[in-house]
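Please look over the structure shown here before reading on. The paragraphs that follow go through its parts and the contacts between them.

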Amino acid sequence: MSFVYERPRTAEDLGKLLASHGQRACVLAGGTDLLVALRAGHARPEVVADVKAIEELRELRHEADGRLFIGAAVTINRIVDDARLRAMHGGLTGGAGAIATFAIRNRATVVGNVSNASPCADTVPALALLGAEVELRSATGSRRIGLRDYIVGVKQTARRADEFAAGIHVPAQGKGTRTWFCKRQRVRGHDLALANAALIHDPEHKKLRVAVGSCSPRPVVVELDDMFDKPDAEEAAKRAMASIAPISDVRASAEYRTDMTGMLVRRLFDALRG
Amino acid sequence: MEYDVRITVNGERYQARVPASLTLLRMLREVLHLTGTKEGCSIGECGACSVILDGKLVNACMVLAVECDGSVVRTVEGEGAMDKLSDLQQAFVDNHALQCGFCTPGMLMAARELLERKPDPTDDDIIEAMAGQICRCTGYETAIEAVRRVARKGQAGGGK
Ligand SMILES: Cc1cc2nc3c(=O)[nH]c(=O)nc-3n(C[C@H](O)[C@H](O)[C@H](O)COP(=O)(O)OP(=O)(O)OC[C@H]3O[C@@H](n4cnc5c(N)ncnc54)[C@H](O)[C@@H]3O)c2cc1C
Ligand code: FES
Ligand code: FES
């Protein structure tokens, strides 16, 4: 395993690096997924481009109108510790806080969590519900793409080889919106999710939705707006269980994941009722 | 490619030339010969390699040495000396918080970082902070009690 380590200072320089190395380069954020992949030989880059020295990407910005920008170098613990975010987006900070251990969360980033495109990524369900968009940049321009279109499959994103994710934009939510997160794992801090899910309740737009992770290659959002005035946990659980396509693997069987998804949805509805 | 890395470990400055793929853990152990920090899993799961990097607890196996150029690192070697243990080390001994001792350097760094961040931690804080430190011997209760005792005494601060 031999590669060149680059630590660009500006987003422009990172764009140039990716323009010339493309497929042969890997973007490095916290490294908590990438270092494991490098060690196992699953990733064999010639160039590793670190985003952490790019000042602009370290930004976690709350706009006055409620919009939010999470730069590519913002760590999971910065999200967990942000009191405003906790109050506004409990589903996001809850998902972030459920990731790994404190030491891992000091390095791991939100953008890395999303870009790794693992079905069990714990920040993804809430971000999917909040209508988050990923900002992709290259030497030649930038574009925004919905989170659910960014994650195209297991470990696959819509990013071109010359692009990097500069950050995540979360739009302003309806007045009084709340989100919750719930996860099923064997041992806290030592397991990826067997199933995870988030719930959004937006009284202004009468929006009620559940997102389910770990049970499909891409995040699944189940619309429950029709039951906004009369939330029915059993019906919601049934619909969520019908929309997923879980696999059986070393961690759990498909049947178990399906049952756990129903259980998580019922728990989220318990949280909604308070 | 090889890179020059300048790094301060426990107050001492070091400079080393390392390949880009070398982890901070390997640099500490194999290049700087600071073998107090242990290698258990190398994939972020066991906590044996926990060190304090620029004030933050990290798994040294999850960080490249080249990323640490200009950084300040604290390892278990900075806790205390054989003839003068730190408060945490003494509390671990007094509370039988170690048997084989393999997890202890990581446990001590996690506990140290916690006490500096939260001098008066609740039991939940202690459990959360120590959750990444896997121990095959003790069953954790004794380590948690050791941290609790140091916190109650309110005299957190390294021996050195
Ligand atoms: C012990 C352990 C436990 C874990 N537990 C959990 C868990 O419970 N829940 C969970 O969701 N995850 C878990 N993870 C996975 C990991 O910690 C998270 O996915 C983390 O958020 C990844 O972020 P990172 O910054 O470390 O990413 P990196 O490792 O730096 O990058 C991850 C991937 O995304 C790409 N990438 C990163 N940034 C960008 C960018 N700006 N633009 C384009 N591509 C980019 C990288 O090239 C790489 O392919 C765990 C990992 C470990 C080691
Ligand atoms: S050796 Fe780093 S966490 Fe196990
Ligand atoms: S004392 Fe042996 S692993 Fe903890």
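**Domains, chains and ligand**

In this predicted model, the centres of domain 1 of chain B and domain 2 of chain B, taken over C-alpha atoms, are separated by 21 Å. The contact between these two domains draws 16 residues from domain 1 of chain B and 13 residues from domain 2 of chain B. As for their bounds, domain 1 of chain B covers residues 2-78, and domain 2 of chain B covers residues 87-155.

Between them, domain 1 of chain B and domain 2 of chain B bury about 1,100 Å², and 64% of this area lies on carbon and sulfur atoms. On the side of domain 1, B:Leu57, B:Arg74 and B:Val76 supply 37% of the area that this domain buries against domain 2 of chain B, which is more than any other three residues give.

B:Arg74 also has a part in the polar side of this interface, where its side chain meets that of B:Glu116 in a salt bridge, with 2.9 Å from N to O. Across the interface of domain 1 of chain B and domain 2 of chain B, 1 salt bridge is found, and the count of residue pairs in polar contact, with both residues at pLDDT 80 or more, is 5. Strand 3 of chain B, residues 50-53, gives the most to the side of domain 1 of chain B that touches domain 2 of chain B, namely 3 residues. Taken by class, the residues on that side of domain 1 of chain B divide into 6 nonpolar, 6 polar and 4 charged.

The next interface to consider is the one between the chains. Here 28 residues of chain B are in contact with 25 residues of chain A, and the area buried between chain B and chain A is about 2,100 Å², with carbon and sulfur atoms giving 60% of it. Of the area that chain B buries against chain A, 27% is supplied by B:Met62, B:Glu67 and B:Glu128, more than by any other three residues.

B:Glu67, named among these three contributors, also forms a salt bridge with A:Arg107, in which the closest N and O atoms are 2.9 Å apart. Across the interface of chain B and chain A there are 3 salt bridges, together with 5 residue pairs in polar contact, both residues being at pLDDT 80 or more. The elements that give two or more residues to the side of chain B that touches chain A are strand 4 (56-59) and helix 3 (104-117) of chain B, and strand 4 of chain B provides the largest share, 4 residues. By class, this side of chain B has 14 nonpolar, 6 polar and 8 charged residues.

Where, finally, does ligand 1 lie? Ligand 1 is placed between chains A and B, and 32 residues surround it, the closest being A:Val27, A:Gly30, A:Thr32, A:Asp33 and A:Thr109. A:Thr109, one of these closest residues, has a polar side-chain atom that lies 2.6 Å from an oxygen atom of ligand 1. An oxygen atom of ligand 1 is also 2.7 Å from a polar atom of A:Leu34, which in this case belongs to the backbone, whereas a nitrogen atom of ligand 1 has a polar side-chain atom of A:Asp122 at 2.7 Å.

How values were computed
Residues numbered from 1 in each chain as written. Chains lettered and ligands numbered in written order. Predicted model: local features only at pLDDT ≥ 70, side-chain atom pairs only at ≥ 80, totals over all residues. Heavy atoms only, no water. Domains from an automatic or database assignment. Contact = heavy atoms within 4.5 Å. Buried area = accessible area lost by both parts, 1.4 Å probe. Salt bridge = Lys/Arg side-chain N within 4 Å of Asp/Glu carboxyl O. Polar contact = N/O pair within 3.5 Å; in protein donor to acceptor, adjacent residues only side chain to side chain. Nonpolar A, V, L, I, M, F, W, Y, C, P; charged D, E, K, R; others polar. Near = heavy atom within 4 Å.
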